[in-house]
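Good morning, and thank you for coming. Please look at the sequence and the structure while I speak.

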Amino acid sequence: MGLLDLVKSGLFGFFTYLGQVALLAGETFRSIFAARIRFRLTLLQIAEIGYGSQLIVVVTGAFTGAVFTAQAYFQFASLNMETAVGPVVTLSMFRELGPVLTGVMVAGRVGAAMSAEIGTMKVTQQIDALRALAVHPVDYLVVPRALAMLISMPLLVVECVGCGVLASYLVAVYVLNIEGVYFVNNMQKFTEASDIAMSLIKGFVFANIIVFISCREGLNAKEGAVGVGRATTETVVICSLSILIANFFLTMFLNILFPAGQR
Amino acid sequence: MSEEVEPLISVRDLVQKIGKQEILRGFSLDMFRGETLVLLGKSGGGKSVFLRHLIGLMKPVSGQILFEGEDIANLNERQLAPVRRKIGMLFQDGALFDSLSVYDNVAFPLRERGEKNEKLVRQKVHEALALVNMSGHDKKMPVNLSGGMRKRVALARAIISPPQVILYDEPTAGLDPIVSDSINRLIRRLQQQLSVTSIVVTHDLTSCNRIADRVALLNEGRRHFYGTLDDLHATQDSIVRDFVDGHSEDGED
């Protein structure tokens with residue numbers, strides 16, 4: 001009885017949350033298609049999200065690529081397959097690591113900031129002031145952030161992957177003494193346009209997850225500073241988990257569209 | 001002011017609950033064009049909640065809010081926009097946008113309504129700031145202003161594209177007597193010059209005496225008193241007297 005109720009209320013909460021995020025997304029896309037777009041705010045958000053995330057994306061990508069290369073080398077060297085390091089690292093970066101790591105890092109940096117900013121506006125009645133001035137909060141706050149995120153995220157993912165591959169090359173060639181020609185040649189042989197498409201698609205999906213969860217949390221913040229803190233924490237936790245879970249299903253689905261290892 | 005005139009805003013049987021607590025229990029009130037109505041009541045008695053209904057920030061559990069004859073109680077956000085353009089609201093602590101400077105805050109309503117002529121915007125912003133004695137503070141950020149200054153900037157923002165109705169939520173709370181008086185005079189002046197309808201929620205009786213055409217008292221979620229200032233001072237009703245003369249309920253002196 002107790003357990004069943006717990007499961008019921010858990011499911012109810014989950015679907016309520018999902019519904020709220022979906023409604024917010026629907027309202028946002030309706031606004032975008034109705035051209036209620038504030039270009040200046042969108043550009044500011046692109047600067048904040050895209051330009052501002054350079055450091056974490058570059059460092060995350062580069063060091064993941066580097067450490068993955070070293071680890072793959074240690075394993076493959078015993079099989080005399082050192083040159084397989086290039087394609088293995090590149091494919092994993094494009095298909096999985098690049099999008100997921102960028103998603104989680106951006107959720108931590110940008111998502112948290114978004115929900116804190118919107119949440120503070122909520123608890124200090126600034127959102128009510130917007131509404132009282134006949135400005136729809138979704139138009140003013142969510143649309144610019146969503147557009148900026150949807151534009152920036154795929155580019156950030158590709159940048160992360162690029163840095164990872166570059167770092168991988170540098171570590172492989174200059175530290176682990178793999179022949180550069182083989183590394184590049186094998187990498188090109190096993191990497192296809194579909195791998196790049198996969199990382200772009202994942203980046204786009206994760207952008208949606210981050211922006212709508214963050215904005216939902218911010219817009220629903222209650223009870224002052226504590227509420228804003230809670231909203232921010234929840235944003236990072238829910239975004240990160242959603243990205244990891246969605247990533248699995250995306251991989252399975254996209255693998256039907258772009259089968260891996262078929263050539 | 002004859003009673004036959006159609007009220008600009010008419011609230012009927014408004015019921016609102018927050019959690020399990022009934023805040024408004026069938027509250028009705030008429031507000032007439034060009035008048036200043038002061039709504040008195042205890043702190044936490046639902047005055048601000050009532051005010052928020054008039055601009056659609058809260059939806060009632062039941063009841064009607066007729067603005068120019070149209071029921072706005074159940075309109076959605078987008079349907080409310082045309083109504084909201086006719087109403088300005090001064091929030092209790094100003095609710096200025098803290099990411100924007102004083103200038104940009106005051107210019108906000110103009111820009112949002114599509115005013116592209118920056119010269120005109122500047123002129124109007126300076127006029128509005130002068131009206132609230134805040135000239136020369138354009139570039140400051142809201143965090144660097146005192147409570148009274150924030151309130152005055154918020155007032156400038158509320159009146160920059162002159163609304164038909166201004167809702168004031170505790171306009172003088174927490175201000176010194178001199179600033180309070182300048183706000184009272186401003187409310188009066190706006191009413192006289194622009195024939196704005198004002199609805200003022202307050203528990204400041206000095207302010208009430210200075211600005212009110214009509215007074216209502218909200219008690220226990222219902223309208224307990226409604227009349228002119230003279231009626232307010234003449235009435236012998238014990239609840240009104242306690243409020244006006246400042247007695248607490250168990251108040252043997």
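I shall describe chain A, then a sheet in chain B, and finally the core and the contact between the chains.

Please keep in mind that this is a predicted model. Let me therefore begin with confidence, since where pLDDT is low, the predicted coordinates should not be read in detail. For chain A the mean pLDDT is 90, and 98% of the residues in this chain reach 70 or more. Within chain A, helix α7, residues 180-190, has the lowest confidence, with a mean of 86. Helix α6 of chain A, residues 137-175, has the highest, at 93.

What is chain A built from? It has nine helices and zero strands, so to speak a run of α elements from one end of the sequence to the other. Along the principal axes, its C-alpha atoms fill a box of roughly 70 × 55 × 35 Å. Chain A has 263 residues, of which 46% count as buried. Consider next the contacts in chain A with a separation of 6 or more: 89% of them join residues 24 or more positions apart.

We turn now to chain B. Here we find an open sheet of four strands, in the order β2-β1-β4-β5, with antiparallel pairing. Which strands stand at the edges? They are β2 (21-31) and β5 (70-71) of chain B; each has a single partner strand, so one side of each is left without a neighbour in the sheet. The partner strand β1 of chain B, residues 9-18, pairs with β2(B) over eight bridges in the antiparallel sense. One bridge to point out is that of K17(B), whose partner in β2(B) is E22(B). Against this sheet packs helix α1 of chain B, residues 47-54, which touches β1, β2 and β4 (62-67) of chain B. The direction of this helix makes about 55° with that of β2(B).

Next, the nonpolar core. In soluble globular proteins, nonpolar side chains tend to be buried together. The largest nonpolar core in this model holds 142 residues, and those touching the most other members are I210(A), L39(B), V106(B), A156(B) and L167(B). The element that gives the most to this core is α6(A), with 21 residues. As for A156(B), residues more than four places away in sequence that it touches include V106(B), A128(B) and M134(B).

Finally, how many residues does each chain bring to the contact? Chain A brings eleven and chain B brings 14. On the chain A side, five are nonpolar, four are polar and two are charged.

Thank you for your attention.

Notes: Residues are numbered from 1 along each chain as its sequence is written. Chains are lettered from A and ligands numbered from 1 in the order in which they are written. This is a predicted model: local features need pLDDT of at least 70, side-chain atom pairs count only at pLDDT 80 or more; totals for chains, interfaces and linings use all residues. Helices (H or I, at least four residues) and strands (E, at least two) are DSSP runs, numbered from the N terminus. A residue is buried if 20 or more other C-beta atoms lie within 10 Å of its own, exposed if 12 or fewer, and partly exposed in between; C-beta atoms are placed from the backbone. Two residues are in contact if their C-beta atoms, placed from the backbone, lie within 7 Å. Two strands pair if DSSP finds at least two bridges between them. Axes are lines fitted to C-alpha atoms, for helices over the stretch in contact, and angles run from 0 to 180 degrees between N-to-C directions. pLDDT is the predictor's confidence in each residue, from 0 to 100. A nonpolar core is a set of buried Ala, Val, Leu, Ile, Met, Phe, Trp, Tyr and Cys residues joined through C-beta atoms within 7 Å. Ala, Val, Leu, Ile, Met, Phe, Trp, Tyr, Cys and Pro count as nonpolar, Asp, Glu, Lys and Arg as charged, and the others, Gly among them, as polar.
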